[in-house]
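Colleague: I would like to go through this model with you and ask what lies behind the words used for it.
Modeller: Go ahead.

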Amino acid sequence: EMALCRRLGAYGLDPCCSLILQARCYALNYKQPKEEAQAYGKFRRELSVIRKQFREEWLKKEEMQQQALNAQSAEQARLEKMMEQKALEQNKEDLERMAKRRELTEKKRAQEVAEKRQRGDESRRAWESQLHQRQIAQVLIAKEESKGYITLDNLDQKIQEMIAKKVDYNFALQPPAAPTTKSRDNPKRSPSTGGAA
């Protein structure tokens, strides 16, 4: 303390102006009575015992809290693992259900495509059959019409028929007053009209 006072005095400071120094000086100069010293020692021992008890209780409490926290963390981890397992199982079930639904959809789509193809084939066959029937009918009609055509086989016969057939081209000049029955193969004009036969 004296050295501290000397140091403060060397810096031009009054050692008595410091409250800490004053308290220290008072504590150094104070002579504690024996009874007070014993009472203070007893108080310190009791305080140390109480402090030790409180420390042990606090450590036990901290340990219990840590154990409870560990147990809670373990329970939380177990619940999370269980929920994760449940979510994985649910996901697996959903994937299986979606795969079955996709398979059914693909089967249905394939069946629809096959039915559509079958209907298209049937309609195409029906259309081809109708076209064939129309072509046959057209061929028959053309064959029937071709009986009157002039070919190399019946050329002489057609020439003879044309020569034998007499056609009056003046029948168009006849007035439409009296209806007459005329044949197109051999139209004859009456002598009263003055037409040539």
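What follows is a set of questions and answers about the labels given to parts of this structure.

Colleague: How much confidence does the predictor have in this protein?
Modeller: This is a predicted model. Its mean pLDDT is 78, and 69% of the residues reach 70 or more.

Colleague: Where does pLDDT stay under 50?
Modeller: That happens over residues 185-197. For this stretch the model has 16 contacts beyond four places in sequence.

Colleague: How many helices and strands does the protein have?
Modeller: There are 4 helices and 0 strands. Going along the sequence, the pattern reads α-α-α-α.

Colleague: What share of the residues is buried?
Modeller: Of the 197 residues in the protein, 5% are buried. The protein exposes about 18,700 Å², and carbon and sulfur atoms supply 57% of that area.

Colleague: What part of the contacts joins residues 24 or more positions apart?
Modeller: Such pairs account for 6% of the contacts with a separation of 6 or more.

Colleague: Let us turn to charged pairs. What makes Glu 75 and Arg 78 a salt bridge?
Modeller: The cut-off is 4 Å between a side-chain nitrogen of Lys or Arg and a carboxyl oxygen of Asp or Glu. Here the N to O distance is 2.5 Å, so the pair qualifies as a salt bridge. The structure holds 5 salt bridges.

Colleague: Where do Glu 75 and Arg 78 lie?
Modeller: Both are in helix α3, which covers residues 34-145. They are 3 residues apart, about one turn of the helix.

Colleague: Why is Glu 75 called partly exposed?
Modeller: Partly exposed is the range between under 20% for buried and over 50% for exposed. Glu 75 has 35% relative accessibility, so it counts as partly exposed. Arg 78 counts as partly exposed too, because its value is 44%.

Colleague: How do you know that Lys 107 forms a salt bridge with Glu 103?
Modeller: Their closest N and O atoms are 3.7 Å apart, and the limit is 4 Å, so the pair counts. Both residues lie in helix α3, 4 residues apart, about one turn of the helix.

Colleague: Why does Lys 107 count as exposed?
Modeller: Exposed means over 50%, and Lys 107 has 51% relative accessibility, so it is exposed. Glu 103 has 43%, which means that it counts as partly exposed.

Colleague: Why are Arg 124 and Asp 121 separated by about one helical turn?
Modeller: Because they are 3 residues apart in helix α3. Salt bridges that share partners join Asp 121, Arg 124 and Glu 128 into one network. Within it, Arg 124 forms a salt bridge with Asp 121, with the closest N and O atoms 3.7 Å apart.

Colleague: Why does Asp 121 count as partly exposed?
Modeller: Its relative accessibility is 27%, so it counts as partly exposed. Arg 124 is also partly exposed, because its value is 40%.

Colleague: How do you know that Lys 158 has no salt bridge?
Modeller: The nearest side chain of opposite charge, Glu 161, is 4.0 Å away, and Lys 158 is listed as buried with no salt bridge. Lys 158 is found in helix α4. Not counting residues up to four places away in sequence, Lys 158 touches Gly 148, Tyr 149 and Ile 150.

Colleague: Which residues make the nonpolar surface patch?
Modeller: Ile 150, Leu 152, Leu 155, Ile 159 and Ile 163 make a patch of about 540 Å².

Colleague: What makes Leu 155 fit for such a patch?
Modeller: A patch residue needs over 30% relative accessible area, and Leu 155 has 35%, so it passes that cut-off. By the same value Leu 155 counts as partly exposed. Leu 155 is found in helix α4, which covers residues 155-164.

Methods. Residues numbered from 1 in each chain as written. Predicted model: local features only at pLDDT ≥ 70, side-chain atom pairs only at ≥ 80, totals over all residues. Heavy atoms only, no water. Patch = residues over 30% accessible without salt bridge, like charges linked within 9 Å, V, L, I, M, F, W, Y side chains within 5 Å. Areas by Shrake-Rupley, 256 points an atom, 1.4 Å probe, with all protein chains shown as cover. Helix = DSSP H or I, 4+ residues; strand = E, 2+ residues; numbered from the N terminus. Buried < 20%, exposed > 50% of the residue type's maximum accessible area, 1.4 Å probe, protein only. pLDDT = per-residue confidence, 0-100. Contact = heavy atoms within 4.5 Å. Lys, Arg positive; Asp, Glu negative; His and termini not counted.
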